[in-house]
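Dear colleague,

I am passing on the structure we spoke about, together with some notes on what turned up in it. Please keep it open while you read, since the notes move from one region to the next.

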Amino acid sequence: MPQRHSKNNNDLAFFTYDEKRKLGYGTQKERLGKDSIKPFDACCLCLKSLIDPMSCQKGHLYCKECILQCLLSQKKDIQRRLVAHAAQQKQEKDEEEERLTLQKAKELEAFDQQNHGAVPQYSDRNYSRDKNGFHGANSVKTTSYEEEALRTMKAFWLPSATPEAAAKVDAPSTSTICPEGNEKLKLKTLFPVIFTEDTSEPKNPKALDNSYICPSCKVTLTNTMSLVAISSCGHVFCKKCADRFMASDKVCLVCNKACKERHLVNLEKGGTGFAGHGDHLEARDFKHLGSGSGLGLVRPAMKT
């Protein structure tokens with residue numbers, strides 16, 4: 001008869017370590033495959049194959065139509081917020097002018113009553129009387145002003161009578177930003193990108209993806225390679241070829257157009273939608289056991 005130990009002792013009131021492992025307890029790790037990574041020739045906005053590709057100075061690739069629509073919508077939103085901010089400033093200015101006008105009118109009225117009124121005015125609060133001869137909360141009869149104050153009193157403990165603070169609209173920034181890198185982006189800083197297609201092999205008409213090569217070394221471009229685009233002409237090379245011809249020729253190997261060091265733009269690799277974009281291509285999932293149910297409950301995936 002086998003001895004009882006943690007692997008076959010199932011009559012305990014709690015789960016053993018081996019039983020938790022069989023239920024999937026703990027952090028599960030899995031490296032992401034190719035299907036979970038954005039291809040290098042995909043648009044950062046629509047996530048589809050690039051059509052008329054354009055790049056910013058940070059190397060983020062977009063379809064021309066996608067990035068133009070994005071910048072246009074940002075400009076419309078900026079214009080809307082500018083109008084709202086201007087309306088708020090005008091309202092604040094009008095309120096301030098009205099407040100000053102009322103204050104000046106009160107001062108004039110107090111001055112007129114003090115100099116021409118039949119009843120003398122006292123600055124001491126103890127001598128002040130209302131028009132009916134009663135004073136403050138101790139009076140039996142209230143004035144019309146007090147009745148109006150009681151009727152419009154805001155009871156902060158009642159949800160229906162809670163006062164609301166006016167929403168403040170801050171002055172918006174007038175600069176459009178890159179939707180991928182969150183840095184300032186202008187339309188004139190975008191430049192077209194030209195990929196060299198592989199024409200050595202017959203193209204499959206049913207294939208959805210195009211195959212691109214480096215025009216210098218003829219190596220097929222993949223996500224594992226570092227790519228460099230020349231902002232002056234738009235041609236794309238691998239990192240090794242770009243460093244090699246830039247150090248000696250200072251011209252593009254395709255169109256022979258002169259280029260400088262500042263014209264080299266490192267294209268961003270196709271990463272994932274996780275927090276560690278392009279760094280840790282690993283998904284993590286933590287499972288814990290339900291209280292008294294014996295079932296493994298899955299907590300929202302924690303991905304990096």
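Before the first annotation, a word on how to read it: UniProt positions are given in the numbering used here, and such annotations may be inferred rather than shown by experiment. Please also bear in mind that this is a predicted model.

The UniProt record, an unreviewed entry, places a "coiled-coil region" at residues 79-106. In the model, the chain over residues 79-106 is 100% helix and 0% strand, and the C-alpha atoms at its two ends are 41 Å apart. Helix 2 itself covers residues 64-116.

Salt bridges

A search of the whole structure finds 4 salt bridges, and I describe some of them here. Side chains of opposite charge can pair when their charged atoms come close. D77 and R80 meet through their side chains in a salt bridge, with 2.4 Å from N to O. Because these two residues are 3 apart in helix 2, about one helical turn separates D77 from R80. D77 is partly exposed at 28% relative accessibility, whereas R80, at 51%, counts as exposed; the cut-off for exposed is over 50%.

D77 also forms a salt bridge with R81, where the N to O distance is 3.2 Å. R81 and D77 are 4 residues apart in helix 2, which again means a separation of about one helical turn. R81 is partly exposed, with a relative accessible area of 32%. Taken together, D77, R80 and R81 are linked in a network of salt bridges.

Further along helix 2, the side chains of R99 and E96 meet in a salt bridge at 2.5 Å, N to O. What separates R99 and E96 along the helix? They are 3 residues apart in helix 2, and therefore about one helical turn lies between them. Both partners are partly exposed, R99 with a relative accessible area of 43% and E96 with one of 37%.

The nonpolar core

The largest nonpolar core has 39 residues, and those with the most contacts inside it are F195, L221, I230 and V236. The elements that give two or more residues to this core are strand 3 (61-63), helix 2, strand 7 (227-230), strand 8 (236-238), helix 4 (239-248) and strand 9 (264-266). Helix 2 is thus both a contributor to this core and the element that holds the R99 and E96 pair.

Which residues does I230 touch, if its neighbours within four places in sequence are left aside? I230 is then in contact with F191, H235, F237, F245, C252, C259, H263 and L264.

Two backbone angles to look at

Finally, there are two asparagines whose phi angles you may wish to inspect. N182, a residue other than glycine, has a positive phi near 60°, and its place is in the loop between helix 3 (144-151) and strand 4 (191-192). At 59% relative accessibility, N182 counts as exposed.

N256 likewise has a positive phi near 60° without being a glycine, and it sits in the loop between helix 4 and strand 9. Is N256 buried or exposed? With a relative accessible area of 60%, N256 is exposed.

With best wishes

Notes: Residues are numbered from 1 along each chain as its sequence is written. This is a predicted model: local features need pLDDT of at least 70, side-chain atom pairs count only at pLDDT 80 or more; totals for chains, interfaces and linings use all residues. Side-chain values use heavy atoms; hydrogens and water are left out. Buried means under 20% relative accessible area, exposed over 50%, partly exposed in between (1.4 Å probe, protein chains only). A nonpolar core is a set of buried Ala, Val, Leu, Ile, Met, Phe, Trp, Tyr and Cys residues joined through side-chain atoms within 4.5 Å. Contact means heavy atoms within 4.5 Å.
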